[in-house]
Amino acid sequence: KSGMWAPLRHPSLVALYFACFMSCASFGIVLPSLAPYVLALPGGSESMLAMIVSIYSVGEAVGAIWLGYLSSSPVGIKGTLILGVACGLLGSALYATASLFGSHAAPVVLLGRFAQGLWAGGAQSTQQAYVAQRLASYPDSLSLANVLINAIAVLGFTIGPALGIVFHLVDVNFGAYRIDELNAPGYFVGFCCAATIVMFVLY
């Protein structure tokens, strides 16, 4: 049985586990601060907040179809995973820096959450195919890997909001620009996306 675990420790799969966790955590990690963030931005309102909360699920649906289709194209499964994480990186950057867009700040957050949803939906539609591809020579480990992926996804959804609470400790000024508990989750998720892309490229 210990031999079944050995293939699951390959760096390429570790990168996938991390990407899976973060794609699921990205939904909840902003929840503790989302409402005050949006309402404090130019153009922010309760109706805009409702749209921003909902648009993530729309992004998931579109991402599952779009990136799921691309995974069987010449782009390949790994290329599709990287593209999905790149959507997450773009979305996180837009979310974190929305205040720089002036009167368009709230719509920029909307676009950012849509892009993050694309990432999450694409990950769910392609990650098991990636596991099957990487473990083609280790069929005994495949079912174990799928169980592990599902467990990591559940952990991401569960722990995400708790991670978001930690950001109330953040308050850093860079001249006129400020990173605080409201936009810090975007920077954190974006950094994790960048690290994931590097891991996928290397392994």
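Below is a short chat about the core, a helix pair and a hairpin in this predicted model.

Me: Which residues touch the most other members of the largest nonpolar core?

Reply: Leu13, Leu16, Val109 and Phe200 do, in a core of 51 residues.

Me: And which elements supply at least two residues of this core?

Reply: Seven helices and a strand are on the list: α2 (11-28), α3 (31-40), α4 (46-70), α5 (76-96), α6 (105-134), α7 (139-166) and α8 (184-202), plus β2 (177-180).

Me: Where does the largest share come from?

Reply: From α2, with 10 residues.

Me: Back to Leu13. What is it in contact with, leaving aside neighbours within four places in sequence?

Reply: Pro7 and Leu8 on one side of the numbering, then Tyr130, Val131, Arg134 and Leu135.

Me: New topic, α4 and α5. How do their axes sit?

Reply: The axes come within 8 Å and cross at roughly 145°. On the α4 side the contact uses Trp66, Leu67 and Leu70, while α5 brings Gly76, Thr80, Leu83, Gly84 and Cys87.

Me: How do the residues of that contact divide into nonpolar, polar and charged?

Reply: Five are nonpolar and three polar, with no charged residues in the contact of α4 with α5.

Me: OK, strands now. Do β1 and β2 pair in the parallel or antiparallel sense?

Reply: Antiparallel, over four bridges, with β1 covering residues 171-174. One of the pairings puts Val172 opposite Ile179 of β2 as its bridge partner.

Me: How many residues lie between the strands in that hairpin, and which one takes a positive phi?

Reply: Two residues lie between β1 and β2, and Gly175 has the positive phi, near 65°.

Notes
Residues are numbered from 1 along each chain as its sequence is written. This is a predicted model: local features need pLDDT of at least 70, side-chain atom pairs count only at pLDDT 80 or more; totals for chains, interfaces and linings use all residues. Side-chain values use heavy atoms; hydrogens and water are left out. A nonpolar core is a set of buried Ala, Val, Leu, Ile, Met, Phe, Trp, Tyr and Cys residues joined through side-chain atoms within 4.5 Å. Buried means under 20% relative accessible area, exposed over 50%, partly exposed in between (1.4 Å probe, protein chains only). Contact means heavy atoms within 4.5 Å. Axes are lines fitted to C-alpha atoms, for helices over the stretch in contact, and angles run from 0 to 180 degrees between N-to-C directions. Ala, Val, Leu, Ile, Met, Phe, Trp, Tyr, Cys and Pro count as nonpolar, Asp, Glu, Lys and Arg as charged, and the others, Gly among them, as polar. Two strands pair if DSSP finds at least two bridges between them.
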